[in-house]
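Visitor: I'm new to this one. Could you pick a single part, take a close look at it with me, and then show me what else is around?

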Amino acid sequence: MADSSSPAPRLSLRGITKRYPGVLANDGIDLDVAPGEIHAVLGENGAGKSTLMKIIYGIVRPDAGVIRWEGEVVHVANAAHARKLGIGMVFQHFSLFETLSVADNIRLALDRGNTRRLAKRIREMSARYGLALEPRRRVHTMSVGERQRVEIVRCLLSQPQLLIMDEPTSVLTPQAVSHLFGTLRRLASEGVSILYISHKLDEIRALCTHATVLRAGRVSGECDPRGESTASLARMMIGGDLPHPVHRAAHPGTPALRVESLDVRADDPFGTTLRAISFDVREGEIFGIAGVSGNGQRELLAALSGERTLARDDAVRLGGTPVGAADAKRRRALGLAFIPEDRLGRGAVPEMTLADNALLTTRNAATLARGWIRARGVRAFTEQTIHAYDVKASGPLAPARSLSGGNLQKFIVGREIGQHPKVLIAAQPTWGVDVGATAQIRQALIDLRDRRVAVLVVSEELDELFEICDRLAVLFHGRLSPAKPIRETSAEEVGLLMAGATPAHAAPRVLVDQQ
Amino acid sequence: MRVVLEARPRPSHVAIWTAPLVATLATLCVGFVVFEAFGKNPLAAFDAFFVAPIANLYGIAELLLKASPLMLIATGLAIGYRANVWNIGAEGQLTLGAITGGTLALVFGDAWPAAALLPAMFIAGAVGGMLWAAIPAFLRTRFNANEILTSLMLVYVATLFLSWLVHGPLRDPQGYNFPQSKLFGDNAMLPILLPQTRLNASFALALAIVGVAWLFVRRHIVGFEMRVAGLSAGAATYAGISWRRTIWLGMLAGGACAGLAGVGEAAGPIGQLLPSMSPGYGFAAIIVAFVGRLHPLGIALASLLMSLLYLGGESAQVNLALPSAVTGLFQGTLLFFLLAADVLVNYRPRMVASAS
C-alpha cells in the first residue's frame, strides 16, 4: 500500500519469519519505512512486534526473509552492527548496567568519548528534549521512568538514521509527551525514520504518518492512522471492539490505609527524601498518586509495602493498626497486597515457575499446612489465576521469564487480588501492557474497589488515573499535594502539579523551574 | 579471529546434568597425562587409583564410610549456597563438632549408656558446629562482614583450638605425651553397619539428613524462601523474606551438618580426638555440593566420586609411590573442569572476526 511517489524505503523487510518453540512469532512480515517517516507498529502483546524489532536491531536472527537497508541486502549480525548501520533502539525492557552511572552506560554504547565531555553532551541533549538527567547518577537508584530517559538520550547521542521506539511515552507526563513528540517530529523533518511501537491509539493518530498493524505474528492491516478513528484502529489490532471499564460512583467508608506525616530520608545521594506525607485511602475508593517517577515514588512505595521499615510505627496504619515498623510479611498478614512496578526480579522470580511465584505471596490454608507446602493447592490457585486473568502461559510450570511483560503483569495482578486484600497498592499497574490487558487490569482494580477494598494506584499515566481513580494527589520532590476528588480537578492542573506548580495557585506563573 | 562467549537463551537440562560427567571424564584425561608424566603406566595407575580400592566389600564399605561426612556436609552447605550464603568454613565447624561431641564422650563415656550417650554426642556436635557457624552469621548480619572470609579464617582458629586441647586439657595421661586424647569407650563408638568393615551408623545418618534436607528445600516454605532469596534479592524483599534469617539459617544448616560429621569421624573411624580430625572433608564438601548441583541426589553421587578420589589417592601412595598431593590435584582438576563445563552450559563460544 506504499505510496508509489514516496522515495525508496530506507528499511525494507520482506517475508520475515521467526519461529520459537511452540509459537510462530513472525509469519512472513513485509514492512517498508521511508526516510523521514514516523511509522507506527501496532499490536497487542504477543503479536510479534518486539520480535520484529529485535530482528531489525540484530538481536534475533530471522529464520527466513530479507532485510534491505538503503536498498542493500543486509544481515544484521548484532546490535553493534545495527548501530553502525545507523539503527538505534529504545527498549521497553531496559538494557542498562545498574551499578554504573548514566554517563558510563551511555559511553559503553557509544564505544568512545571521555566521560566529562560526554556528561556535557548528555546535559545538552537532555535539556534540548526536556529529559532531565544527572549524568553522574547510578542507574540502580533510578525509577523506571528515569531509566527510560537514559535509553532515549543514549540513542539520540549516536545520531541514528532509524530510531526504533518501543512504547516510549508510557511513563511521561502529558507535557513531556508533547515535548517528545516535538522532538520526534523534528528528527523526522531532519530525515530520520522512526519506528514507533505503541498501543496508545490516540498518540499514534496524533504522531504517526503510517501504521502497520500486527496480529498473531502477521500483518493484519496497513493504514494512515491520521485518517482512522481510535475504534477502527483498535478493531484492526485486536480483531474486535475494545472493552471499556465500567466505573460506578464510589461510596467510600472508613480509612483502611492511613499515612501520617511520613518522613523518609533518601538512602542514596540521588534518591528523594519524603517530607511530611499524609493521606488516607478509604475502603471502597481508588486513591491515585500522580507524578513523574523519581519524585519519591520508589521511597514511598517501599515505606508503604514494608520493604523498608520505619522508625515511627504510627506513620503508617493498616485498618487502625500501626505497621510502620512491621516488615512486608506482617503487613501482608494484616491484609495488604502490593503490585510492584518491576515485574521480573521483584514481583516475580524470573527463573521460578508460575506456581512457585504464586507461592511467593500466597500464604493461606490452601497453600500451606504448618509451613509445609501443599503443592496441589498452590497449583490450583495458579491455574485459577491463569484462567481468570487470561494469562497466556504454557501452564503453572512455565518459568516467569518465559511470559511477555503484559501476561506476567496480569498474573501478578491476579495473584495479589487473589489474596483477598483489604488494601491493595498498585505501582504502574499497566506499564508496558497492551490495550486489552490494560482494560482488564483497570477493570479488575475497579471491581476490587466495588468490593469495598481500599486501592492505592501510583502511576505516571494520567489517562489511567483519570479513568479509574476517585481521588487524586500529586507527588513532587518528595511532597504530596492535597488530595482532590477527581471531578474537581483536570489533567491540565495535575500536569502542572507534576511539573512543580504549588497547589495553592496551580497557575503556570508559579512554575518551579525544573530545567 | 577471536572467541567470544554468547549467552545461550536457555541452557538445556541434559547439558546441566551431563556437565559433571564431562568434567569427570576430562579429569580422568588429565590423570592420564599426570600418570604418564610420573613415568607410571596409566592403565595400571587407573586400576590402582579407581578400581582396586573398591574391588571388594571392604573397599566399598570404605567408599561409603568416606562418602558419609562429605554427603552430610555438602547437604548442609547446599542449603546455604542455594540462598547465596557462602559458608566456606565447614572444616572448622566439623572440628568444633568433633571437640564438643568428643569432649562429651571423654567426660561421660563411662557413666552413660550408649543409647543416651551417642545421641547426646551428636546433639553436642551439631550445637558446636552451629556455634562456630554463628560467628560469621552474626558478623554478617550485624556488621555486614563478608562470611566467606570470616568463616574461612575461623577454620584455622578451630584447628588451633583443637590442637591446644589435645596438647593440654584433653591429652591422654597414658599417651606417652603424644598430642591425642584417650580412646573413646565402647559405648561412645558408633555401631558398625557391615561386620568386618569400618562402615558405621554415620552413613545411615547422612542418608537420613539428605532426605530431610530434600524435604525441607522442596516442601517447606522456609526452604522455598531461601531459594527465592538466592535467586532474586528484590523478590525476597518484596515477599517480606528476612535476609537476616536467610543468612542465619544458611550458616547454621552448614554448621550443624559439619558438626555431625565431626562427631561421626571422632566416634567412627578415629575413636579419639587427634590434632586433625579430617583430611579436608569440609573443603572437599564444597566441591561435592557444586558437582552435585546443590541437589540432594546429585550430592549423594558426587560424594561417592569424591570419596573414590580419597581412596584412590591413598592407594596410589601405597602402590605407586605417588605423593599424597595427588588427591588434592584430582579434586582441584575436577572442580576446574566442572566450572569450565558450567560456563559452556550457559554460554556458547563463537568465533568472530576481530575486525573492530
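**A hairpin and its surroundings**

Guide: Let's start with strand S9 (residues 210-215) and strand S10 (residues 218-223) of chain A, which pair in the antiparallel sense over five bridges. Strands here are DSSP runs of E with at least two residues, helices are runs of H or I with at least four, and both are numbered from the N terminus; two strands pair if DSSP finds at least two bridges between them. This is a predicted model, where local features need pLDDT of at least 70 and side-chain atom pairs count only at pLDDT 80 or more, while totals for chains, interfaces and linings use all residues. Residues are numbered from 1 along each chain as its sequence is written, and chains are lettered from A and ligands numbered from 1 in the order in which they are written.

Back to our pair: S9(A) and S10(A) make a hairpin with two residues between them. In that turn, Ala216(A) has a positive phi of about 50°. If you want a bridge to find by eye, try Thr212(A), whose partner in S10(A) is Glu222(A).

Now step back a little. Chain A has 16 helices and 23 strands, and its domain assignment, which is automatic or from a database, gives domain 1 (11-238), domain 2 (246-335 + 421-515) and domain 3 (349-419). Taken over C-alpha atoms, the centres of domain 1 and domain 3 of chain A are 32 Å apart.

Another place to see strands side by side is an open sheet of four in chain A, with the order S12-S11-S14-S15 and antiparallel pairing. Strand S12 (274-282) and strand S15 (321-322) are its edges, each pairing on one side only. Strand S11 (residues 255-264) is joined to S12(A) by six bridges, and Val264(A) has Leu274(A) as its bridge partner in S12(A).

Next, look for Leu133(A), in the loop between helix H4 (115-128) and helix H5 (144-157) of chain A. Leu133(A) is buried because 22 other C-beta atoms lie within 10 Å; the cut-offs are 20 or more for buried and 12 or fewer for exposed, with partly exposed in between, and C-beta atoms placed from the backbone. Leaving out residues up to four places away in sequence, Leu133(A) touches several others, including Val102(A), Ile122(A) and Arg149(A) (contact means C-beta atoms, placed from the backbone, within 7 Å). Over the whole of chain A, 52% of the 515 residues are buried.

Helix H14 (residues 435-450) of chain A is mostly covered, with twelve of its 16 residues buried. Among what covers them are helix H8 (230-238), strand S13 (286-290) and helix H13 (405-417) of chain A. H14(A) reaches 22 Å from its first C-alpha to its last, close to the 22 Å expected at 1.5 Å a residue (that is, 1.5 Å times one less than the number of residues). Just after H14(A) comes Arg452(A), with a positive phi near 70°.

Finally, meet the neighbour: 22 residues of chain A are in contact with 15 residues of chain B. On the chain A side, helix H10 (328-333), helix H11 (354-361) and strand S18 (372-373) each give two or more residues. By class, that side has ten nonpolar, five polar and seven charged residues (Ala, Val, Leu, Ile, Met, Phe, Trp, Tyr, Cys and Pro count as nonpolar, Asp, Glu, Lys and Arg as charged, and the others, Gly among them, as polar). Over in chain B, 22 of the 28 residues of helix H10(B) are buried, so that helix is largely enclosed by the rest of the structure.

Terms used
Two residues are in contact if their C-beta atoms, placed from the backbone, lie within 7 Å.
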